[in-house]
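Here is a friendly walk through one structure, from a chain interface to its pockets and on to some details of the backbone. Keep the 3D view open as you read.

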Amino acid sequence: MSKLLSWKDLSAPIVAEAGNSVLYKTGGWRALKPVLDQSKCIKCLLCWFYCPEPAIKRHEDDSVEIDYDYCKGCGICANECPVKAIAMVEEGVG
Amino acid sequence: MAVQIKTLREMPREELFAPGHRLCAGCGIPQLVRTALKAVPGPKVVVTATGCLEVATTIFPYTSWRVPWVHNAFENAAATAAGIEAAFKALEKKRGVKRPKVIVFGGDGGTFDIGFQALSGALERGHDLIYICYDNEAYMNTGIQRSGATPRGAATTTSPAGKVIPGKPERKKDLIAIAIAHGVRYAATLNPAYPVDMFNKIAKAASIEGPTVLHYFTPCPTGWRADPAKSIEIARLAVLTRVWPLYEYEDGVYRINVLVKSPRPIEDYLKLQGRFAHLLQPENRWMLEQLKRDVEENWNRLLKLAGLA
Amino acid sequence: MAVALQLKGQRRVGMTGDEAVAYAVKQADVDVVAAYPITPQTIIVERIADYVHDGELKASYVAVESEHSALSACVGASLAGARVFTATSSQGLALMWEIMWIASAMRTTIVMALANRALSAPINIHCSHDDAYAVRDAGWIQFFAENVQEAYDLTLMAFRVSEDKRVLFPSIVNLDGFILSHGLEPLYVLEDDVVREFLPPKEPVNPIDPERPMTYGPLVLFDYYFEFKKAQAEAFKSVYPVILEVFREYEKYSGRKYEPVKAYGVEDADVAVLILGSSAGTARYVARRLRSKGEKVGVVSLTLYRPFPVSDLVAKLKGVKALVVMDRSYSFGSPGAQLFMDVAAAFANESERPLLINAIYGLGGRDLLPEHVEEAFRKAQEAARAGKFEERELWLGVR
């Protein structure tokens, strides 16, 4: 966390840097962690769509990758995956 | 002419909504926002009422928004948006400034209740904007208090499942009917479990000049006392039980987008949510029956309007 | 206010206060007007509607469904970079109250004409100043017009002040309801091209721009809210010198001199009254009469109410032994009515200060008659002799 700004650095309540919430890693929230078995993945992109953060990256070839910096462990991806390629495991285990 | 997709694959990749926000795990709001920012082409500005979305995505010094975003107060998103739209119309005429599309996100509180007047005025005046209500069926941000959008029977902190009154006695307001009564050319319901349908309707709304109203089913694991992993499943069941009909209205024509021929029993939908647990008790059967009647009457009404009854 | 000797670029016309304000708004070439009608402001919005519908003013006229939406729309429009105007009175301002604070903190450049009207209850459509005072803490610049000429001039100047990059705060131009809003007076209006020169188009600072996407109005928690308010407070202190600058600049175009504090007869006055708005004229009329008989009386009036011209007022009242602060409003349970509290605070740390008494007058459109002002002067003279005021509060003209 950066140093807090002084009033001299502020004017109107405006955040000028678009999308800088990426600096705030919500990955620390989770108790459960999704683990994707790439060999099962059919690239349906449903997990990419349903993830609320979004914490699932969509690559050029439509394969997906979980972004653990932001994943809150909600489990939607695992619940919705049509081929059960994602398992929720306890965070900090394995 | 609006871009319409057939598969999820065709949904644009660019994310104009960034992670790092503080919405709950399993929240149903971001799916709407991500899709809306992809489905509305060109330059855009977003106005958001006070509520979950606004609070969780813009805690200073952070913002999840990669488009211009404005928050004013709770009940005036539609009025603020009207002012922005009017300003750009004037600046476009007078100084050739490029006019962005205005998208408004309001929760059910900021839309059905405290924000109702501002919405009504903006619709009547015909401003060119897309108003999208993300409806999690209570004032969730302040701690799950009932709203005019809370369905009959649901337990909230101001309509608790008590010994004498089991949940909210009143039925849910009909936002689409209200919008249509104001003469909007396009209004539709949206649901996160139906992504392609959602994208296409938002794209269609965006292509129309004038006000359009979209009503989005927003699963809320925190407020509904549900498993966050089941948010999308609950959303799907809402459609499959006919609790949340997916339909659209365009220039006088109603179209039911997902025609549920054999609905799942409503209990399948209710039992996944703690806010309805009391309705499954025998002593509250009368309230459950009323809720079922609401759903059936609404469905039949829509069938008739769509020329299918 | 000096009589205009220079007529070049000006025309003499007869207008009511509302008409004059609307005319100034037209000449200012605003981009957006969002307003809701309320007596006695209605003529402003009707006239503007005429201009827009006749194509004389190319603005978006948003006929909002309430004052709350009016100011909300204005905030949005100002953030989008537009020159924005609204107008209201009394209950309308009360309904806008929530957004007044936001409009200032978001550094909008909205100009509002406030046709001062009493706050309900009971409902009354005539002049009091309590509507203006009710928002004195919100961070808006506030001017008070004494006559229709000032209402016109101050409206033009307000745009210039608010939109100045060193300011970026919204302004209110107060004009007494019915007395000025509906009173027909002669005034000089600048020609259109002169106004255009004095008031070029708005150059917005950080406007909504999809090419530079920013977040306006984030949630600020206890780690930063205090700093934002400090920043706003410091910024508001920069407003005063810019106002003086704009007053001087406007004088070049109009020949009319404006000052934050108007003082008549204070050079040798023993006693004085402080009074805002149209009744200042009545007070000066009485003062002139008394002075012609050798009585040393003065009248002070504020053209600028917020920021409150503390040092200016203190300087002008130097030597005055007793001052009657005349409030056209009331504040229940307070140490005095609103203007009285401002003045008392202004003198709080001065070693030399006049005796102060609060006089309440004119509520709900009750006329302030010369005899009421005379009574005020008498009380002040008695107090100056006795070394104190007998009463805390005078109510002038109530039965």
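How much area do chain B and chain A bury between them? In this predicted model, the two chains bury about 3200 Å² between them, and 57% of it is on carbon and sulfur atoms.

**Where chain B meets chain A**

Let us stay at this interface for a while. On the chain B side, 40 residues are in contact, and they touch 36 residues of chain A. If you want to pick out the main contributors, start with Arg9(B), Arg13(B) and Tyr62(B): these supply 22% of the area that chain B buries against chain A, more than any other three residues.

Charged pairs play a part here as well, with 3 salt bridges counted between chain B and chain A. To find one of them, look for Arg236(B) and Glu80(A), whose side chains meet with a distance of 2.6 Å from N to O. Polar contacts across this interface come to 29 residue pairs, counting those with both residues at pLDDT 80 or more.

Which elements of chain B give two or more residues to the side that touches chain A? They are helix 1 (30-39), helix 7 (195-207) and helix 9 (231-240). Helix 1 of chain B has the largest share, with 5 residues. By class, this side of chain B has 22 nonpolar, 8 polar and 10 charged residues.

**Pockets and the largest cavity**

Next come the spaces in the model. The table sets out two pockets and one cavity, with the make-up of each lining.

| Space | Volume | Nonpolar | Polar | Charged |
|---|---|---|---|---|
| Largest pocket | about 740 Å³ | 24 residues | 7 residues | 7 residues |
| Second largest pocket | about 530 Å³ | 13 residues | 6 residues | 3 residues |
| Largest cavity | about 440 Å³ | 13 residues | 3 residues | 9 residues |

Take the largest pocket, with about 740 Å³ of space. Its lining is made of 38 residues, and the closest to the centre are Ala12(A), Ile14(A), Val15(A), Ala16(A) and Phe60(B). Two elements give two or more residues to this lining: strand 1 (14-15) of chain A and helix 3 (67-79) of chain C.

The second largest pocket holds about 530 Å³ of space. Of the 22 residues that line this pocket, Pro13(A), Ile102(C), Ala105(C), Pro218(C) and Tyr225(C) are the closest to its centre. At least two residues of the lining come from each of helix 2 (52-57) of chain B, and helix 4 (90-105) and helix 8 (225-237) of chain C. Helix 8 of chain C gives the most, with 4 residues.

How many cavities of 30 Å³ or more are there? The count comes to 3. The largest cavity is lined by 25 residues, and nearest its centre lie Lys172(B), Lys173(B), Val243(B), Pro245(B) and Asn298(B). Helix 6 (175-181), helix 10 (266-270) and helix 11 (285-305) of chain B each supply at least two residues of this lining. Among the elements, helix 11 of chain B gives the most, with 5 residues.

**Backbone details**

Phe60(B), one of the residues closest to the centre of the largest pocket, is also joined to Pro61(B) by a cis peptide bond, with omega about 5°. You can find Pro61(B) in the loop between helix 2 and strand 2 (69-70) of chain B. Another cis peptide bond runs from Arg306(C) to Pro307(C), with omega near -5°. Pro307(C) sits in the loop between strand 13 (304-306) and helix 11 (310-316) of chain C.

For a residue with positive phi, turn to Ser90(C): phi is near 35°, although the residue is not glycine. Ser90(C) is found in helix 4 of chain C, a helix that also supplies residues to the lining of the second largest pocket.

**Salt bridges over all chains**

How many salt bridges does a search of the whole structure find? The search gives 63 over all chains. Within chain B, the side chains of Arg146(B) and Glu170(B) form a salt bridge of 2.8 Å, N to O. Both partners lie in the loop between strand 4 (129-135) and helix 6 of chain B, 24 residues apart.

Methods: Residues numbered from 1 in each chain as written. Chains lettered and ligands numbered in written order. Predicted model: local features only at pLDDT ≥ 70, side-chain atom pairs only at ≥ 80, totals over all residues. Heavy atoms only, no water. 1 Å grid on protein atoms, 1.4 Å probe; cavity = no way out; pocket = protein on both sides within 12 Å on 5 of 7 lines; lining within 4 Å. Points joined across faces, edges and corners; volume = space filled by probe spheres on them. Nonpolar A, V, L, I, M, F, W, Y, C, P; charged D, E, K, R; others polar. Contact = heavy atoms within 4.5 Å. Buried area = accessible area lost by both parts, 1.4 Å probe. Salt bridge = Lys/Arg side-chain N within 4 Å of Asp/Glu carboxyl O. Polar contact = N/O pair within 3.5 Å; in protein donor to acceptor, adjacent residues only side chain to side chain.
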